[in-house]
Every structure is written in C-alpha cells, then in structure tokens.
Amino acid sequence: MTAPRPSDGSHGAHGGVGEDDLEIRLADGDDLAGVLSVGHRTWLATYEPIAGPEYVAMGLAKWWTPDVVTTSIRQGRTLVAVDDDEVVGVATFGAQDSAFALWKLYVLPGHHGHGIGSRLMNAVVDRALELGHDRIVLSHIEGNRQAARFYTAHGFTETHRESGGSGLPVSVWMERHIASSREDDAAPSEGSE
C-alpha cells in the first residue's frame, strides 16, 4: 500500500494530530478491539440523533460484530487510522457489482477536524486505483449532513436514493470517478485538486 498523502486541506489543519503521529494502514488482528470501539462510539453519536436507538442497535448487531469485523480485516478490506497506538478512524471497502464500494468511513468524534477522514479517504482512493477501479460508490443515510458535506467535498456526487423500507432511513448513494486521478497521485502533491 502506498504511504498516506497529507490532507487536501478541505477540513482544516491537523490540529493535535501531526503527520508523524498518525499512521494509515491496513488493519490486522491486533486492531479488532480498536475497530469495534470506533464503530460502537461513532454509531451511537452519529445515528441515534438521526434515526433513533433501534436503528443504532440494528446496525451495531449487523455490521459491527467481532465476526463481521474480523472477516473484513482478514480479507484486507479494512484501513485504520492510528494515533499514539489508538485506532481513531476506520474505513472498509469491497466490491459492489463492477464498482469499488466504500462501506464504512468513521473517525472518533473527538478527532474530527484534524484531516483524519481525508487521509483515510485518500488511502481508499489509492487502494481502489491499485485494484484497477475507476470509480468509488458509497451510501449514507438521509439526514446525515456531516457525511453529505464530507463526501461532496471529496468529489462525490449523488446518483440516487433508495428507500430503507420498514421505517428504516433512506440511503443516499453517491459516486466519484477516479481514473483521471492516477496521474495526479503519481506526481508529488502541489496542493489540493
């Protein structure tokens, strides 16, 4: 995996997290507890105000169990942001039809605004390009304004919405074409795109 690039600056300075202090890398078995902690802490803070405690409980039981997270780590589909030996951010990815899907991107609330999400996103783009993909797809739930702003700032555009059914929130699907980014990634960074 290529070394992480610095933040593009779209979310401010790194603040208390310096370039040398933060490591973006593929997760390994030793990261299981940290990944689970990020999932459980961010889901509660993010989704309870938007979709309620039942949605949070359902999501944690479906996507943030030791079995699910272990499988993703073993398959090389989980990236972690580690600051001072603590997992502070997580991104997971995989295939969806012919596209590269970003399934999860979460940063602990106390670490927002330091460019960690941007660095995870850059690492996801690098991984997609390494695997020969020219676009990334993702979804977030309707009402998650923070996610909508973040993904829009990183070049994603909305493609469609999908009803959650049975009282579940609507999913907002977005995509970003990345094939033209390969030349930019190979050159030294000269500023934001």
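The secondary structure of this predicted model comes to six helices and seven strands. With the whole chain displayed and coloured from one end to the other, the elements can be followed along the sequence in the pattern β-α-α-α-β-β-β-α-β-α-β-β-α. Of the 193 residues in the chain, 44% count as buried, and among the contacts with a separation of 6 or more, 64% are made by residues that stand 24 or more positions apart.

**The sheet**

Select the strands next, and hide the helices for the moment. The seven strands form an open sheet with mixed pairing, and their order across the sheet is β1-β2-β3-β4-β5-β7-β6. The edges are held by β1, residues 22-26, and by β6, residues 157-162, each of which pairs on one side only. If you look along the sheet, neighbouring strands are turned by 25 degrees against each other on average, with direction ignored.

Now select residues 78-83 and 86-96, which are strands β2 and β3; these two run antiparallel and are joined by six bridges. A convenient place to look at this pairing is L79, which stands opposite A91 in β3. As you turn the pair, keep in mind that in a regular strand the side chains alternate between the two faces of the sheet.

Moving across the sheet, select β4 and β5, which run parallel and are joined by two bridges. Here A101 has V137 in β5 as its bridge partner. How many of the seven residues of β5 are buried? Five of them are, so β5 is largely enclosed by the rest of the structure.

**A helix across the sheet**

Bring the helices back and select residues 145-153, which make up helix α5. This helix lies across three strands, namely β4 (99-107), β5 (135-141) and β7 (171-177), and α5 runs at about 165 degrees to β5.

**Helix α1 and its two partners**

Select residues 32-51, helix α1, together with residues 66-74, helix α3. Two packed helices are described by the angle between their axes and the distance between the axes. For α1 and α3 the angle is about 120 degrees and the axes are 10 Å apart, and the two helices are therefore oblique to each other. The crossing in which α1 passes α3 is right-handed. To see the contact itself, show the side chains of L32, V35 and L36 on α1, and those of P66, V69, T70 and I73 on α3. The residues of this contact divide into six nonpolar, one polar and no charged.

Keep α1 selected and add residues 53-63, helix α2. The axes of α1 and α2 come within 8 Å and cross at roughly 145 degrees, and this crossing is right-handed. On the α1 side, the residues to display are G39, H40, W43, L44, Y47, E48 and A51, which meet P53, Y55, V56, G59, L60 and W63 in α2. The residues of the contact between α1 and α2 divide into nine nonpolar, three polar and one charged.

**Three residues in loops**

Select D85, which is found in the loop between β2 and β3. Is D85 buried or exposed? At 77% relative accessibility, D85 counts as exposed. Its backbone also deserves a look: most residues other than glycine have a negative phi. D85 has a positive phi of about 70 degrees although it is not a glycine.

Then go to the loop between β3 and β4, where D97 is found. D97 has a positive phi of about 55 degrees, and D97 is not a glycine either. With a relative accessible area of 78%, D97 is exposed.

The last stop is G155, whose place is in the loop between α5 and β6. At 43% relative accessibility, G155 counts as partly exposed, because the range for that class lies between 20% and 50%. Which residues does G155 touch, not counting those up to four places away in sequence? They are E175 and R176. If you draw a distance between the C-alpha atoms of G155 and R176, the separation in space is 5.9 Å, although the two residues are 21 residues apart in sequence.

Note on methods
Residues numbered from 1 in each chain as written. Predicted model: local features only at pLDDT ≥ 70, side-chain atom pairs only at ≥ 80, totals over all residues. Heavy atoms only, no water. Pairing = 2+ DSSP bridges. Helix = DSSP H or I, 4+ residues; strand = E, 2+ residues; numbered from the N terminus. Axes fitted to C-alpha atoms, helices over the stretch in contact; angles between N-to-C directions. Contact = heavy atoms within 4.5 Å. Parallel < 35°, antiparallel > 145°, perpendicular 65-115°, else oblique. Left-handed = near helix turned anticlockwise from the far one by under 90°. Nonpolar A, V, L, I, M, F, W, Y, C, P; charged D, E, K, R; others polar. Buried < 20%, exposed > 50% of the residue type's maximum accessible area, 1.4 Å probe, protein only.
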